[in-house]
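Please open the structure in a viewer and keep the selection panel at hand. The tour below proceeds from one selection to the next.

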Amino acid sequence: MNKIEKQKLVNFVAELNPFTVELKPFHPRIGSDCPHLPLTSLCTEDKHPTTEVFLCFSENKIIVAELHNRMGEVKLLGVWPSSYVYRIIWALELKDVEYEYIEGEFHKPDFTDLLLKYNPVYKKVPVLVLDGKPIAESTVILEYIEETWPQPPLLSQDPYERAMARFWVSFAEEKTIPFMSFFVAVGEEFEKAEKEVREVLKILEETIGEKKYFGGEEIGLLDINLGWIALLFGVIEDIVGVKVLVVDEFPRLFTWIQNFMEHPTIKTNLPNHQEMVLYYKQKRETVIPSKIA
Ligand SMILES: N[C@@H](CCC(=O)N[C@@H](CS)C(=O)NCC(=O)O)C(=O)O
């Protein structure tokens, strides 16, 4: 349960007339000397799928005694500095979900065993593990997070707007390939990739229009999905030595990157730019020689 949901419940409870609430027997899970009642009407599974609330009735007052998370443990498996993993970190942080972050390294056997166990199909991160049950693939995990912790929303209430956000997420996923080629290609292949990257950026420039974020006034699903451009494309440009996403050509996207990176939640959950440059430079050097040879 996040802070916003908690506050809503607390406000709701504060407005209740205690005499209209039936006092139920002491609930053994709480273990204190005041009489407790599980107020199930407040937190039915369909309305609050992740929350179970127990109330304490004391001196004519109702106080929220315990707020349980039906989800139990939420764990995120990741590696540094994967932008796919950052998508999940940003979503969980924006929704103020409590989770344990398990950061591993691919070459360490303990971590590869975990990946084999939780994502045997792709053996990739991120994996979100809910009470031992894993979900893989960042876009799938983001949808799960949105459904499970709806506040604050990453998708509009309007079904058409939701469909549009999903359309652009699908577009963005499909168009990561030219960016990867821009990073590792040489010669003509690089020139082709650069042209394709510009075309994708132009489409995104038109899509965001005059909005602060792709989601409007607040960060939405598409912003999180495209966050890797804000996070990583500047790193790639620094390594490759070619600047494409410049303010004169892409003023709206340029401003979006600034807005996204300056958002208080995103800002406090970012890897260091220079460390990323070093990391990805080494990665690129392992790929390029085989391409030239
Ligand atoms: N489509 C996947 C892509 C995830 C992905 O490529 N993760 C990389 C890290 S950035 C990975 O785990 N690679 C495995 C490896 O390098 O062995 C998603 O959206 O979650």
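Two strands count as paired if DSSP finds at least two bridges between them. With that criterion in mind, select strand S4 (74–79) together with S6: four bridges join S4 to S6, and the two strands run antiparallel. The model under view is a predicted one.

**The paired strands**

Within this pair, select lysine 75; the bridge partner of lysine 75 in S6 is valine 129. Next, add strand S5 (residues 100–104), which is joined to S4 by five bridges and runs parallel to S4. Here leucine 76 has tyrosine 101 of S5 as its bridge partner.

Now move to S7. Which way do S6 and S7 run, parallel or antiparallel? They run antiparallel, and four bridges join them. Leucine 130 stands opposite lysine 133 of S7. S6 and S7 form a hairpin with two residues between them. Select aspartate 131 in the turn of this hairpin: its phi is positive, at about 50°.

**The whole protein**

Return to the full view. The protein has 11 helices and seven strands. Of its 293 residues, 24% count as buried. Among the contacts in the protein with a separation of 6 or more, 62% are accounted for by residues 24 or more positions apart.

**Around the ligand**

Select the ligand and the residues that surround it: Val79, Ser82, Tyr84, Phe106, Lys124, Val125, Pro126, Glu137, Ser138 and Thr139. How many residues of each class make up this shell? Five are nonpolar, three are polar and two are charged.

Stay with one of these residues, glutamate 137. Glutamate 137 lies in the loop between strand S7 (133–136) and H4. Its phi is near 75°, a positive value in a residue other than glycine. Glutamate 137 counts as partly exposed because 17 other C-beta atoms lie within 10 Å, whereas a buried residue would need 20 or more.

**Another positive phi**

Select lysine 123, in the loop between helix H3 (109–118) and strand S6 (127–130). Lysine 123 is not a glycine, yet its phi is positive, at about 55°. Is lysine 123 buried, exposed or partly exposed? Lysine 123 has 13 C-beta neighbours inside 10 Å and therefore counts as partly exposed.

**Two cis peptide bonds**

Select tryptophan 80 and proline 81. The peptide bond from tryptophan 80 to proline 81 is cis, with omega near -10°. Proline 81 has its place in the loop between strand S4 (74–79) and helix H2 (83–94).

Then select glutamine 151 and proline 152, where the connecting peptide bond is also cis, with omega near -20°. The loop that holds proline 152 is between helix H4 (138–148) and helix H5 (159–174).

**The largest nonpolar core**

Which members of the largest nonpolar core touch the most other members? They are Ile88, Trp90, Ala91, Leu221 and Ile224, within a core of 51 residues. Select helix H8 (residues 221–240) as well, since helix H8 gives the most to this core, with 11 residues. The core also draws at least three residues from each of domain 2 (74–148) and domain 3 (159–292).

Centre the view on leucine 221. Its neighbours within four places in sequence being left aside, leucine 221 is in contact with Leu142, Glu146, Leu154, Leu155, Ala165, Val169 and Gly215.

**Two further helices**

Select lysine 192 in helix H7 (residues 187–208). Why does lysine 192 count as partly exposed? The reason is that lysine 192 has 14 C-beta neighbours inside 10 Å, and a residue is exposed if the count is 12 or fewer. Add phenylalanine 182, which is 10 residues apart from lysine 192 along the chain; their C-alpha atoms are separated by 8.4 Å.

The last selection is glutamine 258, found in helix H9 (residues 251–262). Glutamine 258 is exposed, because 12 other C-beta atoms lie within 10 Å. Add lysine 212 to the selection: glutamine 258 and lysine 212 are 46 residues apart in sequence and 9.9 Å apart in space, C-alpha to C-alpha.

Definitions and conventions: Residues numbered from 1 in each chain as written. Predicted model: local features only at pLDDT ≥ 70, side-chain atom pairs only at ≥ 80, totals over all residues. Near = placed C-beta within 6 Å. Nonpolar A, V, L, I, M, F, W, Y, C, P; charged D, E, K, R; others polar. Contact = placed C-beta atoms within 7 Å. Core = buried A, V, L, I, M, F, W, Y, C linked by C-beta atoms within 7 Å. Domains from an automatic or database assignment.
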